[in-house]
Amino acid sequence: MQRSVETTEGPVAVPSGEHRWTVLFFITEPGIGEVLPELAGCTTGLCSVRDNAARFARADVRVLGVSAHAPGHLAEFAASRELGYPLVGDPELVLGRSLGVPEVRVGERILFARAGVVLDRAGRVRALLHPVADPENHAELVLAAVEELAARE
């Protein structure tokens, strides 16, 4: 599976042809925890990825955040948190559904559940990490999966 997705930094190839791994961090929606505390942690999870940028770089990982939220809001959010990696707005849930990412219903809306997807260069899903109970450890959970996959190859 090779596709181009629109991100807060312009079009990006998924999977990345320049990296060994492409990791997609799926979140419900930035700021949703203010409305629904049980879904809180999106910002914390995305910031944990930002704070581990050097480790992702050493593991040859292309990082993307994905939300069902509108792309325009995501650009403002990414800039305000200085994430350092692009976010994908997938309001139609096409990318997430093609990868088997779980969903949650919030009123009339359907959003992604918090999950991590690791793709290899060919676009094969090598790991789908869900549930992610502790948003602060979202990056750590995915890094451990990438390290395990790399060790097996």
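This is a short talk about a hairpin, a buried arginine and a helix in a predicted model.

Hi everyone, thanks for coming. Let's start with the hairpin. Strand β8, residues 115-120, and strand β9, residues 125-129, run antiparallel, and four bridges join them. If you want one pair to find on screen, take Gly116, whose bridge partner in β9 is Leu129. Between the two strands sit four residues, and in that turn Gly123 has a positive phi of about 90°.

Now step back along the chain to Arg114, in the loop between β7, residues 109-112, and β8. How far away is the nearest side chain of opposite charge to Arg114? That side chain is Asp134, at 7.7 Å, and Arg114 has no salt bridge although the residue is buried. What the Arg114 side chain does reach is a backbone oxygen, that of Val132, at 3.5 Å.

Last stop, helix α5. This helix covers residues 138-152, 15 residues in total. From first C-alpha to last, α5 reaches 22 Å, close to the 21 Å expected at 1.5 Å a residue. Which residues of α5 are buried? They are His138, Ala139, Val142, Leu143, Ala145, Val146 and Leu149. Looking down the axis of α5, those buried residues fall within an arc of 160°, so they line one face of the helix. The spacing makes sense if you recall that an α-helix has 3.6 residues a turn, so residues three or four places apart point the same way. And on the other side of α5, Ala151 and Arg152 are exposed.

That's my tour; happy to rotate the view for anyone who'd like another look.

Notes: Residues are numbered from 1 along each chain as its sequence is written. This is a predicted model: local features need pLDDT of at least 70, side-chain atom pairs count only at pLDDT 80 or more; totals for chains, interfaces and linings use all residues. Side-chain values use heavy atoms; hydrogens and water are left out. Two strands pair if DSSP finds at least two bridges between them. Buried means under 20% relative accessible area, exposed over 50%, partly exposed in between (1.4 Å probe, protein chains only). Lys and Arg count as positive and Asp and Glu as negative; His and the chain ends are not counted. A salt bridge is a side-chain nitrogen of Lys or Arg within 4 Å of a carboxyl oxygen of Asp or Glu. A polar contact is a pair of N or O atoms within 3.5 Å; within protein, one must be able to donate a hydrogen and the other to accept it, and residues adjacent in sequence count only if both atoms are side-chain atoms. The expected span of a helix is 1.5 Å times one less than its number of residues. The arc is that of the directions from the helix axis to the C-beta atoms.
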